[in-house]
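The following exercises concern burial, chain layout and backbone torsions. Each task is followed by a worked solution.

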Amino acid sequence: MNATAAADAQGDEAAQERTGGCLCGRIRFTTEGPATFPHTCACRDCQKLGGTPVMWWVGFATVSWTGEGGEPTWYETFPGEAKRGFCSRVAAIDSDIPEIGINVTALDDTSGPDLVPIHASFRDNAVHWLPPVPETEHNTAG
Ligand SMILES: [Zn+2]
Ligand SMILES: [Zn+2]
């Protein structure tokens, strides 16, 4: 089960632990802390990284890499399609954001209400045939 709003208010650290990993299982991780700034992104880097029109991100203050593959490979910029790393689609680091970004679909349980996007980045670059995520300009759920 996921951390509830009540658990968050009480600062229940254990309830905020989540696990996830890549498709082949080499990269596994455990996150700690509350889910921060869940959002979608349709920038060109995310589209190419994910092989998808939009990616679904959320930040966590602490991420421990627990699988046999260790940390994912970190690319400063997208190096080209021929070198796309299969196991690198789980996370992102932005120099101006303290949390580690986790691709929400890499989490084992994506059902948490605190993971619903509150923002859509690069909305102007999104494909025209996919409707925008509703109410993504709201900062709080409820
Ligand atoms: Zn993998
Ligand atoms: Zn992006």
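**Exercise 1.** Determine what percentage of the residues in the chain is buried.

*Solution.* Begin with the criterion: a residue is buried if 20 or more other C-beta atoms lie within 10 Å of its own, exposed if 12 or fewer, and partly exposed in between, with C-beta atoms placed from the backbone. Of the 142 residues in the chain, 27% are buried. The model is predicted: local features need pLDDT of at least 70 and side-chain atom pairs count only at pLDDT 80 or more, while totals for chains, interfaces and linings use all residues. Residues are numbered from 1 along each chain as its sequence is written, and chains are lettered from A and ligands numbered from 1 in the order in which they are written.

**Exercise 2.** State how many helices and strands the chain has, and give their order.

*Solution.* Helices (H or I, at least four residues) and strands (E, at least two) are DSSP runs, numbered from the N terminus. The chain has 2 helices and 8 strands. Along the sequence their pattern is α-β-β-β-α-β-β-β-β-β.

**Exercise 3.** Locate Phe 37 and describe its phi and its exposure.

*Solution.* Phe 37 belongs to strand E3, residues 36–41. Its phi is near 50°, a positive value in a residue other than glycine. Phe 37 is partly exposed because 15 other C-beta atoms lie within 10 Å.

**Exercise 4.** Do the equivalent for Phe 122.

*Solution.* Phe 122 is placed in the segment after strand E8 (119–121). Although not a glycine, Phe 122 has a positive phi of about 55°. Phe 122 counts as partly exposed because it has 15 C-beta neighbours inside 10 Å.
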